[in-house]
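Student: I would like a close look at a single part of this protein, followed outward to whatever surrounds it. Please keep the account plain.

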Amino acid sequence: MSIEKQILRLVKKKTLHFSLLDPDKQDPHVAGAIAKTAAEAGSTAIMIGGSTLASQKQVDDTVKAIKKTTNLPVILFPSGAKFLSTYADAVFFMSLLNSRNLDFVIREHVKGALFVKQSGLEPIPMGYVIVEPGMTVGRKGEADLIKKDDIESAVGYALAAQYLGMRFFYLEAGSGATYPVSNEMISSVKKNINIPLLVGGGIRDADTAKEKAKAGADIIITGTALEKEKDLKQTLSSIIHAIEGLNKCL
Ligand code: 1GP
């Protein structure tokens with residue numbers, strides 16, 4: 001079964017948690033250990049990406065290390081065509097819809113498409129938008145940030161993504177965000193689309209994750225919590241336990 005189908009099947013039953021690892025933030029063997037802990041805590045997939053990557057080798061080495069420690073699907077979350085890795089299982093083939101730079105909207109996709117085909121990576125089409133505060137990815141992605149209370153634009157982007165045929169939509173506040181995407185924005189977007197909604201940026205504890213899942217997030221992404229937390233297993237388990245217990249109505 002494709003990874004997309006597995007996710008769609010699971011997301012109908014419960015809110016999922018994906019662990020995002022940035023190959024620029026730790027050595028591959030450390031990434032492998034974190035991924036193992038994430039799997040033990042109940043995370044559904046490992047996403048690999050970052051805005052400050054330097055080489056494809058970094059991505060390859062990290063994916064290979066993760067593959068040694070866990071059977072979780074590894075999904076690339078690339079900032080450009082040169083950060084694709086043949087060792088991963090799938091790639092979020094995502095367009096940064098609110099970027100002013102066409103490279104992030106479509107040109108990098110044109111550069112990477114043949115690699116995806118030849119490597120056998122499973123492409124999963126996704127619309128991606130960055131909301132205030134946006135952080136590094138907002139700056140590097142040259143995003144016209146969605147204002148934190150501009151619900152109308154967020155809903156417009158989400159519907160446009162769905163109408164363009166994208167099968168997932170990601171509301172991103174930026175890694176390390178001082179505040180996450182608001183509950184109001186999440187619930188308005190969720191009410192208007194019928195594709196799974198991913199939410200990430202600034203979610204570091206169980207209470208916040210639960211709030212975002214209650215508002216309508218189908219998949220919660222955490223990155224920073226994986227890099228900084230001392231008691232990682234406990235933190236991740238509490239986040240995952242908090243979101244899995246909620247009733248779903250996708
Ligand atoms: C990256 O927003 C996610 O797409 C991760 O954010 O690092 O704040 O968890 P954090």
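Student: Please start in the loop between helix 5 and helix 6. Does Glu142 count as buried or as partly exposed, and at what relative accessibility?

Tutor: The model is a predicted one. In it, Glu142 has 31% relative accessibility and therefore counts as partly exposed, since the buried class ends at 20% and the exposed class begins over 50%. Glu142 sits in the loop that runs between helix 5 and helix 6 (151–163). Its backbone is also worth a look: phi of Glu142 is positive, about 45°, although the residue is not a glycine.

On the N-terminal side of that loop is helix 5, which holds Met135. Met135 is another non-glycine residue with a positive phi, near 55°. With a relative accessible area of 24%, Met135 is partly exposed. The loop between strand 5 (122–130) and helix 5 (135–140) contains Pro133. The peptide bond joining Glu132 and Pro133 is cis, with omega about 5°.

On the other side of the Glu142 loop comes helix 6. Its 13 residues should span 18 Å at 1.5 Å a residue, and the end C-alpha atoms are 18 Å apart, which agrees. Buried in helix 6 are Ile151, Ala154, Val155, Ala158, Leu159, Ala161 and Gln162. These residues lie on the same side of helix 6, because the arc they cover around the axis is only 155°. The spacing behind such a pattern is general: an α-helix has 3.6 residues a turn, so residues three or four places apart point the same way. Strand 5, strand 6 (168–172) and helix 7 are among the elements that cover the buried residues of helix 6. Turned away from the buried side is a face that carries the exposed residues Glu152 and Tyr163. After helix 6 comes Gly165, with a positive phi near 100°.

Helix 7, part of that cover, leads on to helix 8. Helix 7 (residues 183–192) packs against helix 8 at an angle of about 30°, and the two axes are 8 Å apart. The two helices are therefore roughly parallel to each other; the cut-off for that term is an angle under 35 degrees. From helix 7, the residues Asn183, Ile186, Ser187 and Lys190 meet Glu211, Lys212 and Ala215 of helix 8. By class, this contact comprises two nonpolar, two polar and three charged residues.

Helix 8 (206–215) in turn helps to cover the buried residues of helix 10, as do strand 1 (16–21), helix 2 (28–41), strand 8 (219–222) and helix 9 (224–228). The buried residues of helix 10 are Leu232, Thr235, Leu236, Ile239, Ile240, Ala242 and Ile243. They are on the same side of helix 10, as they cover an arc of only 160° around its axis. Helix 10 (residues 232–244) has 13 residues and reaches 18 Å from its first C-alpha to its last, close to the expected 18 Å.

Two residues from the elements around helix 10 can close the account. Thr37 lies in helix 2 and, at 19% relative accessibility, counts as buried. Beyond its neighbours within four places in sequence, Thr37 is in contact with Leu232 and Lys233. Glu227 is in helix 9 and counts as partly exposed at 29% relative accessibility. Not counting residues up to four places away in sequence, Glu227 touches Asp22, Lys25 and Gln26.

Key. Residues numbered from 1 in each chain as written. Predicted model: local features only at pLDDT ≥ 70, side-chain atom pairs only at ≥ 80, totals over all residues. Heavy atoms only, no water. Helix = DSSP H or I, 4+ residues; strand = E, 2+ residues; numbered from the N terminus. Expected span 1.5 Å × (residues − 1). Buried < 20%, exposed > 50% of the residue type's maximum accessible area, 1.4 Å probe, protein only. Arc of directions from axis to C-beta. Contact = heavy atoms within 4.5 Å. Axes fitted to C-alpha atoms, helices over the stretch in contact; angles between N-to-C directions. Parallel < 35°, antiparallel > 145°, perpendicular 65-115°, else oblique. Nonpolar A, V, L, I, M, F, W, Y, C, P; charged D, E, K, R; others polar.
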